[in-house]
Amino acid sequence: MPDSATTGDVATERVLLGDEAVAQAAIDAGITAAYAYPGTPSTEILEHVLKVQKAEGAPRATWCANEKTAYEAALGVSMVGRRCLVAMKHVGLNVAMDPFVNSALVELGGGLVVVVADDPGMHSSQNEQDTRMLADFARVPCLEPANQQEAYDMTREAFELSERFHVPVIIRLVTRLAHSRARGALAPARPENERTTDVDASSWILLPANARRLWKRLLETQDGIRAAIAASPANELTLREPGGLGLITTGIAQNYYRENRDDMDPLPSHLHIGAYPFPEEKMRELVAHVDRVLVLEEGQPYVERHLRG
């Protein structure tokens, strides 16, 4: 099967790692470039793009000196209206924090998707930090796939969200998804964005006078972001008989529930969260419907703490 996702306009299926599903989705979404710094469990993302680049001549794919320079290179692509992917592991986002937080303020042109591979259990890392908290800190959307098909679909959706709200969008992977394989359906590819030279310099120079205006714009964008996330099929609520147990799962933790669902009688009311900011109305609806709530999430008790609040 060819490295590209399609033959003509016919969608294909492929067996891919979670990392490869994200990379292929970005290629099919029309990225111009991809940048990264290697670090397990994220390394295979750029490796896949490099393989396609070698076979087809595009998109541009480059390892960088560190995560900060990778992020800044990606911002340059977005500035001229083109789509770009930047990938790193969770501790790498610490290195890129300055451009990451500021990129929520600047007026992005082309979609910018930031793939961060967290490592719960510290299989190959020095700590277990949770990128969802940093997405909330920067006030940008975060999509958390539960399987390889969602990794592909959410990455393509992330580019659309980024261009709609002019902010970066995070795809949060975890080790068990990044390094497992499954078959998924790939959609027809779209072309690259046209390059633009119509750039407002003041929207990219964060002197205080500009930054205050752009901060206000980011805050005003939050209601639209929350509404878009609340309407996302990634956040799905299923209510059963009133009372009893209610279950909240996030990302790959949905699979842990599915593995044990046949042993549960009756089935609990269930809210799955795959996109942030939190779908607060659905969370309130679940809590009002049940007597007790169990939260399953991979990483820190991020949803659990918010639920208590």
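Reader: By class, which residues line the second largest cavity of this model?

Author: The model is predicted. The lining of the second largest cavity comprises five nonpolar and three charged residues, with no polar ones. The residues concerned are Glu144, Pro145, Arg172, Leu173, Val174, Leu177, Ile252 and Glu298.

Reader: Which element supplies the largest share of that lining, and about how much space lies in the cavity?

Author: Strand E8, residues 169-174, contributes the largest share, namely three residues. The space in this second largest cavity is about 30 Å³.

Reader: How many cavities of 30 Å³ or more does the structure hold, and what is the volume of the largest?

Author: A cavity is a space where a 1.4 Å probe fits but from which it cannot get out. The structure holds two of 30 Å³ or more, and the volume of the largest is about 40 Å³.

Reader: Which elements each supply at least two residues of the lining of the largest cavity?

Author: Strand E2 (10-17), helix H7 (148-165) and strand E9 (181-186) each do so. The largest share, four residues, comes from E9. The full lining consists of Arg14, Leu16, Ala21, Gln148, Gln149, Tyr152, Ala182, Gly184, Ala185 and Leu186. By class, six of these residues are nonpolar, three are polar and one is charged.

Reader: Let us turn to a helix. Which residues of H6 are buried, and where do they fall as seen down the axis?

Author: A residue counts as buried when its relative accessible area is under 20%. In helix H6 (residues 131-138), Thr131, Arg132, Leu134, Ala135 and Ala138 are buried. Seen down the axis of H6, these buried residues fall within an arc of 160 degrees, and therefore they line one face of the helix. After H6 comes Arg139, which has a positive phi, near 65 degrees.

Reader: How should the sheet that contains E10 and E14 be read, and in what order do its strands stand?

Author: Strands of a sheet pair through backbone hydrogen bonds, and the pairing is either parallel or antiparallel. Here four strands form an open sheet with mixed pairing, in the order E10-E12-E11-E14. Strand E10 (236-238) and strand E14 (292-296) stand at the edges with a single partner strand each, so one side of each has no neighbour in the sheet. From one strand to the next, the twist averages 15 degrees.

Reader: How many bridges join E11 to E14, and which residue of E14 is the bridge partner of Leu247?

Author: Strand E11 (residues 245-250) and E14 run parallel and are joined by five bridges. The bridge partner of Leu247 in E14 is Leu294.

Technical notes
Residues are numbered from 1 along each chain as its sequence is written. This is a predicted model: local features need pLDDT of at least 70, side-chain atom pairs count only at pLDDT 80 or more; totals for chains, interfaces and linings use all residues. Side-chain values use heavy atoms; hydrogens and water are left out. On a 1 Å grid over the protein atoms alone, a cavity is a set of points where a 1.4 Å probe fits but cannot get out, and a pocket is an open set with protein on both sides within 12 Å along at least five of seven lines; lining residues have an atom within 4 Å of a point. Grid points are joined across faces, edges and corners, and a volume is the space filled by probe spheres set on the points. Ala, Val, Leu, Ile, Met, Phe, Trp, Tyr, Cys and Pro count as nonpolar, Asp, Glu, Lys and Arg as charged, and the others, Gly among them, as polar. Buried means under 20% relative accessible area, exposed over 50%, partly exposed in between (1.4 Å probe, protein chains only). The arc is that of the directions from the helix axis to the C-beta atoms. Two strands pair if DSSP finds at least two bridges between them. Axes are lines fitted to C-alpha atoms, for helices over the stretch in contact, and angles run from 0 to 180 degrees between N-to-C directions.
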